[in-house]
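Here's a walk through who touches whom in this complex. Have the viewer open while you read.

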Protein chains: 2
Amino acid sequence: MMVLTAALALADEGGLEELSMRAVARRLGVTPMALYRHVGDKGALLDGLVEVLLAELPMSGASAGWRGRLGDMAAGLRATARRHPSVFPLLLLRPAVTPGALRVRAVVDDALREAGLPESEVRRAERMITTFVIGFAASESGGRFSAGPAELDAEFAWAGDRLLEAVLGEAWGR
Amino acid sequence: MMVLTAALALADEGGLEELSMRAVARRLGVTPMALYRHVGDKGALLDGLVEVLLAELPMSGASAGWRGRLGDMAAGLRATARRHPSVFPLLLLRPAVTPGALRVRAVVDDALREAGLPESEVRRAERMITTFVIGFAASESGGRFSAGPAELDAEFAWAGDRLLEAVLGEAWGR
DNA sequence: ACCTGAACACCGTTCAAGT
DNA sequence: ACCTGAACACCGTTCAAGT
């Protein structure tokens, strides 16, 4: 949808405070009220932007192996946060029940099952992993960390390993 | 400062979208422009609110032991998120260099040192822990999780233990 | 189906002026 | 020192009307 791509471009260029219905309309060469036929509401527009981010996430095929798929997903979320730093934090504020959020959850859940984690532990392990990854990516792209990018690369990899050890416990070789 | 308490009350009652300079002024029985003598800017007002949240955090004395102090800090952050769900997520978006943020970091760093973690690992361990705790609290209070509060209580405790095992590694008894 | 004009009730912020 | 009035350039959204 063209409205969403115009809105995303605006947010990327000027932050959420530059993202107004009127500015989107201006960029599309149209009257503000014309948008309401396509998007319903400003809240719906923000929800739509979050979905665009999640839809952009590259999904590696099953050939990658569970560890590779988890790593790709984490790296993808981090890259998305860097590409769209103003929109990304909204991920933490909306219920994870949209198609995009469910898709991410399914990838993580499947990988954890394939790693041998008992079904009873999959849900909480998935929440722990995605909470950390999204929190890290949002913190980094929002400037909360003071460390440089190279240091954060290493730290993110280290934290991922530690988190998997912690979550998989004796289900994995430690 | 009275401006900040009025602003916090507004945000708690109606969310960030109800928080305007004009509404704060209305609540204080004053003209909007009067605020600018006290707070400089709407951005500064939001920063001030984050600092109020961090200042509210109860700090347990050294008598608690490092594990107790970490647990208290995590519980305190989570309680703060539930009390002020609209303001809390701003914590993830601002550089952690304000007095309040430094205070939290100092508590975590000291506890980790006392637990025997080598100085070279303290910084990244602190980032991992606070990122997870703040991400979890923001997710929970923002409604991202679908689980109920009792389940999340247990999960938070479990995740805290796992995270400490992961971060302290052989520096701690596992 | 899709878009527009006019309107309403709001914003943040500046500046000169008042006490 | 602290507050106000008037003003400027914006918002989101509704509603009736146009093609």
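What follows goes from the symmetry of the two chains to their interface and then to each DNA strand.

## Model and symmetry

First, a caveat: this is a predicted model. Turn chain B by 180°, shift it 0.0 Å along the axis, and it lands on chain A with an RMSD of 0.0 Å. The two copies are thus related as by a two-fold rotation axis.

The interface fits that picture. Of the interface residues of chain B, 100% are interface residues in chain A too, so the copies meet through the same surface.

## Where the chains meet

How many residues of chain B are in contact with chain A? There are 38, and they touch 38 residues of chain A. Putting the two chains together buries about 3,100 Å², with carbon and sulfur atoms giving 60% of that area. On the chain B side, the residues that lose the most area to chain A are Arg127(B), Arg144(B) and Trp158(B), and together they make up 24% of what that side buries.

On the polar side of things, the count is four salt bridges between chain B and chain A. Arg127(A) makes a salt bridge with Glu151(B), where the closest N and O atoms are 3.3 Å apart. There are also ten residue pairs in polar contact between the chains, counting pairs with both residues at pLDDT 80 or more. As for which elements do the work, helix H7 (119-142) and helix H8 (149-168) of chain B each put at least two residues into the side that touches chain A. H7(B) gives the most, with 14 residues. Sorted by class, that side of chain B has 20 nonpolar, seven polar and eleven charged residues.

## Around DNA strand D

Now for the DNA. Strand D is surrounded by 14 residues, and both chains appear among the closest: Arg22(A) and Asp41(A), plus Thr31(B), Arg37(B) and His38(B). Among the atoms of DNA strand D that come within 4 Å of the protein, sugar and phosphate account for 49%.

Several contacts go to phosphate oxygens of DNA strand D. Met21(A) uses a polar backbone atom, 2.9 Å away from one. Arg26(A) has a polar side-chain atom 3.2 Å from a phosphate oxygen, and for His38(B) that side-chain distance is 2.7 Å.

Helices H2 (21-28) and H3 (32-39) of chain A, along with helix H3 (36-39) of chain B, each supply at least two residues of the surface near strand D. H2(A) gives the most, with three residues. By class, this surface has six nonpolar, three polar and five charged residues.

## Around DNA strand C

Strand C also has 14 residues around it, the closest being Thr31(A), Arg37(A), His38(A), Arg22(B) and Asp41(B). Sugar or phosphate holds 49% of the strand C atoms within 4 Å of the protein, and bases hold the rest.

Which part of DNA strand C lies 2.6 Å from a polar side-chain atom of Arg37(A)? It's a base nitrogen. His38(A) instead has a side-chain N or O atom 2.7 Å from a phosphate oxygen of strand C. From the other chain, Asp41(B) places a polar side-chain atom 2.5 Å from a phosphate oxygen of that strand. The elements giving two or more residues to the surface near strand C are H3 of chain A and helix H2 (21-28) of chain B. H3(A) gives the most here, with four residues. The class split near strand C is six nonpolar, three polar and five charged residues.

Key:
Residues are numbered from 1 along each chain as its sequence is written. Chains are lettered from A and ligands numbered from 1 in the order in which they are written. This is a predicted model: local features need pLDDT of at least 70, side-chain atom pairs count only at pLDDT 80 or more; totals for chains, interfaces and linings use all residues. Side-chain values use heavy atoms; hydrogens and water are left out. Contact means heavy atoms within 4.5 Å. Buried area is the accessible area (1.4 Å probe) that two parts lose on being put together, summed over both. A salt bridge is a side-chain nitrogen of Lys or Arg within 4 Å of a carboxyl oxygen of Asp or Glu. A polar contact is a pair of N or O atoms within 3.5 Å; within protein, one must be able to donate a hydrogen and the other to accept it, and residues adjacent in sequence count only if both atoms are side-chain atoms. Ala, Val, Leu, Ile, Met, Phe, Trp, Tyr, Cys and Pro count as nonpolar, Asp, Glu, Lys and Arg as charged, and the others, Gly among them, as polar. A residue is near a molecule or strand if one of its heavy atoms lies within 4 Å of it. Copies are superposed by least squares on the C-alpha atoms of residues with pLDDT of at least 70 in both.
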